[in-house]
Amino acid sequence: MSEQVEQVEQSVRAPFGNFPQVRRALDALGELAPPVAALLGGWDAELAGQVLYVDTDPELADTAVFCAAHDVPVEASANCVVVAAKRGGETTLAAGLVLATTRLDVNKAVRGHLGARKASFAPVDTAVGESGMEYGGITPVGLPAHWPLLIDAAVAATPHVLVGSGRRRGKLILPGAVAAALPGAQVLEGLAG
């Protein structure tokens, strides 16, 4: 049985990049941040089975450095940004997922979609504390269920996209359509500028 599992793991390949090891994320739950592992472990098996995990050096976690080190096209990488939206003294946290070649339009697109008076990037301590993930590794996979997850249409249309793993060590690769199927996801045109 273990030989069979080993053969299956060896046959997993990333759709891009140069990684020493690629595994299905379901086979690497112990490497992921707890909320990421919990979502994948309890999610639709067909969708979760399409998510890959690549183990990487945390010192290379920043997008530009990572893409250069692992031969990943920057347009195949996406950034997950935590936003604090304020309206009438109440703050709502949300996340935006945009391709790394673009920027999240917080002031118009996010603020307008959330009906907020003001929206800004959430403070690091808030983003880390509320998501249960490490700074520099925050991912759309496993965010709190009550957060709106705003996904730019360009990400959803991407065949495969690289995102964080919830930790600075490692990354996830998943089809854009699977990202769009995450809990709380809303695909929007014009979310990135």
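Helices (H or I, at least four residues) and strands (E, at least two) are DSSP runs, numbered from the N terminus. The views below show a predicted model, in which local features need pLDDT of at least 70 and side-chain atom pairs count only at pLDDT 80 or more, while totals for chains, interfaces and linings use all residues. Residues are numbered from 1 along each chain as its sequence is written, and side-chain values use heavy atoms, with hydrogens and water left out.

**Figure 1. Overall fold of the chain.** The secondary structure comprises 8 helices and 9 strands. The radius of gyration is 16 Å, close to the 16 Å that the globule rule gives for 193 residues, so the chain is as compact as a globular protein of that length. This radius is taken over C-alpha atoms, and the globule rule is 2.2 Å times the number of residues to the power 0.38. Along the principal axes, the C-alpha atoms fill a box of roughly 60 × 30 × 30 Å.

**Figure 2. The open sheet of 5 strands.** The strand order is 5-3-4-6-9, with mixed pairing; two strands pair if DSSP finds at least two bridges between them. Strand 5 (118-121) and strand 9 (185-188) are the edge strands, each pairing on one side only. On average, neighbouring strands of this sheet are turned by 30 degrees against each other, direction ignored. Strand 4 (residues 90-99) pairs with strand 6 (residues 149-152) in the parallel sense over 3 bridges, and Ala-95 stands opposite Leu-149 in strand 6.

**Figure 3. Helix 5 across the sheet strands.** Helix 5 (residues 106-114) lies across strand 3 (78-87), strand 4, strand 5, strand 6 and strand 9, where contact means heavy atoms within 4.5 Å. The helix runs at about 125 degrees to strand 5. Axes are lines fitted to C-alpha atoms, for helices over the stretch in contact, and angles run from 0 to 180 degrees between N-to-C directions.

**Figure 4. The open sheet of 4 strands.** Here the order is 1-2-8-7, with antiparallel pairing. Strand 1 (22-24) and strand 7 stand at the edges with a single partner strand each, so one side of each is left without a neighbour in the sheet. The twist averages 35 degrees from one strand to the next. Strand 2 (residues 52-54) and strand 8 (residues 171-174) pair in the antiparallel sense over 3 bridges, with Val-54 opposite Lys-171 in strand 8.

**Figure 5. The largest pocket and its lining.** On a 1 Å grid over the protein atoms alone, a pocket is an open set of points with protein on both sides within 12 Å along at least five of seven lines, a cavity is a set where a 1.4 Å probe fits but cannot get out, and lining residues have an atom within 4 Å of a point. The largest pocket has a volume of about 690 Å³, the space filled by probe spheres set on the points. Of its 29 lining residues, Asn-79, Cys-80, Val-81, Tyr-135 and Gly-136 are the closest to the centre. Strand 3 gives the most to this lining, with 5 residues.

**Figure 6. The largest cavity.** The structure holds 1 cavity of 30 Å³ or more, and the largest cavity has a volume of about 70 Å³. Its lining includes Leu-39, Trp-147, Leu-149 and Leu-182.
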